Amino acid sequence: TRYVPLHKRAQIYIRVFGTLASPAATIASGSGTYTFNTLMGTPTFPADMFDTGDILEIETDLRRNGATATMAHKVTLGTAGTNSDAAVWSGTLAATDLLCVNTRSKVSFGSDTAFLTNSSASFSGTGGVSQLLAGTTNVNVNSAMILSINGSKDTTVSVDLFRVSVLWITQ
């Protein structure tokens, strides 16, 4: 039996981590890579929860602290729960201290093992080449899937995560 949300939409994950003045989810300087899974409670969606035609709207807010080198940032969804999963949002963040970033992605499941996403492209505008991307690596709605926020950075940079939300829309 597959359960679907009342009125075909539900906020299935939402977490707020402190304030700008007092962040509650921080990856400290010292490491060249980061993953927020543990601090987020490892958001895991059970097997068969999603189906072809379902849409996820995933949004995050974060801040980089330190201006040394650019930073690769990814929001991923897949069965591994690591940066090897399919990217929902992927981008390079400027080498700017206190840079705040809001990521917004729409994930459309076109099959049990593939989704389409706007990745780092804006939601509206004149469009452009490569603004829609296919996600297939470790995508399988028949298995549990994990949302992960991860990337690579200079060891002098720290990263604060402030908010993560996932809205599920069914047909």
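This passage describes the confidence, strand pairing, salt bridges and aromatic packing of a predicted protein model.

The structure is a predicted model, in which local features need a pLDDT of at least 70 and side-chain atom pairs count only at pLDDT 80 or more, whereas totals for chains, interfaces and linings use all residues. Residues are numbered from 1 along each chain as its sequence is written, and side-chain values use heavy atoms, with hydrogens and water left out. The protein chain has an average pLDDT (the predictor's confidence in each residue, from 0 to 100) of 91, and 93% of the residues score at least 70. Among the elements of the chain (helices being DSSP runs of H or I with at least four residues and strands runs of E with at least two, numbered from the N terminus), the lowest mean pLDDT, 78, belongs to helix α1, residues 37-40, and the highest, 96, to strand β12, residues 158-169.

Strand β5 pairs with both β8 and β12, where pairing requires that DSSP finds at least two bridges between two strands. Ten bridges join β5 to β8 in an antiparallel arrangement, and eleven join β5 to β12, also antiparallel. Within the latter pairing, Arg-63 has Asp-160 of β12 as its bridge partner. Strand β8 is in turn joined to β9 by four bridges, the two strands running antiparallel, and together they form a hairpin with two residues between them. Strand β9, residues 114-117, has a covered face made of Phe-115 and Thr-117 and an uncovered face made of Ala-114 and Leu-116. Three bridges connect β9 to the antiparallel strand β10, residues 133-135, and here Leu-116 stands opposite Ala-134.

A search of the whole structure finds five salt bridges, each defined by a side-chain nitrogen of Lys or Arg within 4 Å of a carboxyl oxygen of Asp or Glu. In one of them, Arg-2 is paired with Asp-54, with the closest N and O atoms 2.4 Å apart. Arg-2 lies in the segment before β1 (9-16) and Asp-54 in the loop between β4 (44-45) and β5 (55-65), so this salt bridge ties together parts that are 52 residues apart in sequence. With respect to accessibility (buried meaning under 20% relative accessible area, exposed over 50% and partly exposed in between, for a 1.4 Å probe and protein chains only), Arg-2 is partly exposed at 32%, whereas Asp-54 is buried at 2%.

A salt bridge is also formed by Glu-57 and Lys-106, whose closest N and O atoms are 3.5 Å apart. This pair links distant parts of the chain, Glu-57 being in strand β5 and Lys-106 in strand β8 (residues 99-111), 49 residues apart. Lys-106 is also the bridge partner of Glu-57 in the pairing with β8. Both side chains belong to partly exposed residues, with relative accessibilities of 26% for Glu-57 and 38% for Lys-106. Arg-163 and Glu-59 meet in a further salt bridge, at 3.1 Å from N to O. Arg-163 lies in strand β12 and Glu-59 in strand β5, so the pair ties together parts that are 104 residues apart in sequence. Glu-59 is partly exposed, at 22% relative accessible area, and a network of salt bridges links Glu-59, Asp-61 and Arg-163.

The structure holds five aromatic pairs, for which rings of Phe, Tyr and Trp (its six-membered ring) must have centres within 6.5 Å, with planes under 30 degrees apart counted as stacked, over 60 as edge-to-face and the rest as tilted. The rings of Phe-109 and Phe-115 have centres 6.1 Å apart and planes at 85 degrees, so this pair is edge-to-face. Phe-109 is buried at 2% relative accessibility, as is Phe-115 at 2%, and Phe-115 is the bridge partner of Phe-109 in β9. Ring pairs link Phe-45, Phe-50, Phe-109, Phe-115 and Trp-168 into a cluster.

The largest nonpolar core (a set of buried Ala, Val, Leu, Ile, Met, Phe, Trp, Tyr and Cys residues joined through side-chain atoms within 4.5 Å) has 35 residues, of which Phe-36, Phe-50, Leu-56, Leu-77, Phe-109 and Leu-161 touch the most other members. Two or more residues are given to this core by each of β5, β6 (71-78), β7 (86-93), β8, β11 (145-152) and β12, with β12 giving the most, five residues. Leaving aside neighbours within four places in sequence, Phe-50 is in contact (heavy atoms within 4.5 Å) with Arg-2, Ile-12, Phe-45, Leu-56, Phe-109, Val-141, Met-145 and Trp-168.
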